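Reader: Hello! Could you take me on a close look at how the helices pack against one another here?

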Amino acid sequence: MSFEMEPQPEGRRGDAVSRQIALTSVFITWTIVLINNPQQSGWFALHPTLQSLAVLAFAFGIITLQPTNQPKTKAAGLARHQIAVFIGLPSIVLGTSAVYYNKVLRGSNHFTTWHGTLGLFCMAWLFFQMFLGAGSVWSGGVLFGGGMKAKALWKYHRQVPEGNVYPRSHQSMPYRVSGYILFPLLLFTVHLGGAWSTWGSKYASWFVRFVSYTAAPLAIILGVYTRLRSVNFCALNGIILTFRDRTFKMPIL
């Protein structure tokens with residue numbers, strides 16, 4: 001007779017706080033839009049609402065996926081992560097398209113602010129990140145050769161080493177940190193758009209802007225990054241040391 005152990009909870013301190021702060025920030029953003037005649041704003045009204053929804057989904061997707069140590073929680077975390085992406089990606093694409101189309105209708109110039117320029121950069125990076133993640137997981141990672149080749153690329157996508165111990169022989173391997181850099185960039189773009197834009201200054205007080213678009217993004221980052229194992233920071237340190245020593249070698253996938 002075999003006994004199957006129930007998976008242990010893997011929630012960590014900071015999970016609930018970061019989720020609640022993200023939800024609060026979305027609630028405030030939607031409230032600002034809805035109480036200030038969204039019909040008059042036209043297509044632009046979809047921009048802050050959908051972008052904030054997308055960032056919320058991405059935050060949930062990171063929290064639910066990183067880290068997980070048990071097979072069942074890994075599988076469940078991956079499923080929830082993909083659901084979050086399926087919500088976040090269409091939302092951020094539609095929100096970006098809405099503000100672009102609104103500028104076309106008004107005859108305004110595009111990407112004239114740091115918010116718009118950084119937003120476009122993040123969008124391109126986001127599609128690259130999604131391509132790596134989906135291609136290395138869906139259909140057994142057949143897009144990238146399947147098997148261990150795809151699994152190796154998934155590790156670059158997430159910057160997650162196998163097992164609970166970071167192998168000494170792999171300390172110089174440059175695990176991809178793109179996802180962990182992209183998420184703060186997205187939040188910084190939110191900060192620029194909410195705290196410093198004409199829209200934010202017109203419809204929200206400085207205190208509301210500070211709480212929702214400065215303090216909240218910082219708190220979300222802290223909450224999300226408490227999920228990271230210290231071993232991932234060792235991986236980043238290994239990358240820096242490897243570049244310094246000029247011994248960087250990219251594995252052939």
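Author: Happy to; what follows goes through the helix packing, one contact after another.

This is a predicted model, in which local features need pLDDT of at least 70, side-chain atom pairs count only at pLDDT 80 or more, and totals for chains, interfaces and linings use all residues. Residues are numbered from 1 along each chain as its sequence is written, and side-chain values use heavy atoms, with hydrogens and water left out.

Some background helps before the details. Two packed helices are described by the angle between their axes and the distance between the axes. Axes are lines fitted to C-alpha atoms, for helices over the stretch in contact, with angles from 0 to 180 degrees between N-to-C directions. Helices are DSSP runs (H or I, at least four residues), as are strands (E, at least two), numbered from the N terminus.

Let's start with α1, residues 15-34. Its axis and that of α9 (residues 206-225) come within 9 Å and cross at roughly 155°. The two helices are therefore roughly antiparallel to each other (angles over 145 degrees count as such, under 35 as roughly parallel, 65 to 115 as roughly perpendicular and the rest as oblique). The crossing of α1 and α9 is left-handed, meaning that the near helix is turned anticlockwise from the far one by less than a right angle. On the α1 side, the contact (heavy atoms within 4.5 Å) includes Ser18, Ile21, Ala22 and Ser25, and they face a set in α9 that includes Val208, Ser212, Tyr213 and Ala216. The residues of this contact divide into 10 nonpolar, five polar and no charged. Here Ala, Val, Leu, Ile, Met, Phe, Trp, Tyr, Cys and Pro count as nonpolar, Asp, Glu, Lys and Arg as charged, and the others, Gly among them, as polar.

α1 also packs on α3: their axes come within 9 Å and cross at roughly 170°. That makes α1 roughly antiparallel to α3. Among the residues making the contact are Asp15, Arg19 and Trp30 of α1, and Pro48, Leu56 and Phe60 of α3. By class, the contact of α1 with α3 has 10 nonpolar, four polar and two charged residues.

Another pairing joins α5 and α7 (residues 178-195), which pack at an angle of about 150° with their axes 9 Å apart. That makes α5 roughly antiparallel to α7, and α5 passes α7 in a left-handed crossing. The contact involves Trp114, Gly119 and Trp125 among others of α5, and α7 contributes residues including Leu185, Phe188 and Thr189. It has 12 nonpolar, seven polar and no charged residues.

Gly119 gives a handle on this contact. It is found in α5 (residues 114-137), and Gly119 and Leu185 are 66 residues apart in sequence but 8.7 Å apart in space, C-alpha to C-alpha. Leaving aside neighbours within four places in sequence, Gly119 is in contact with Trp114 and Thr189.

Finally, a note from the record: an unreviewed UniProt entry places the feature "transmembrane region" at several spans, among them residues 21-37 and 83-101; such annotations may be inferred rather than shown by experiment. In the model, residues 21-37 are 82% helix and 0% strand, with end C-alpha atoms 25 Å apart.
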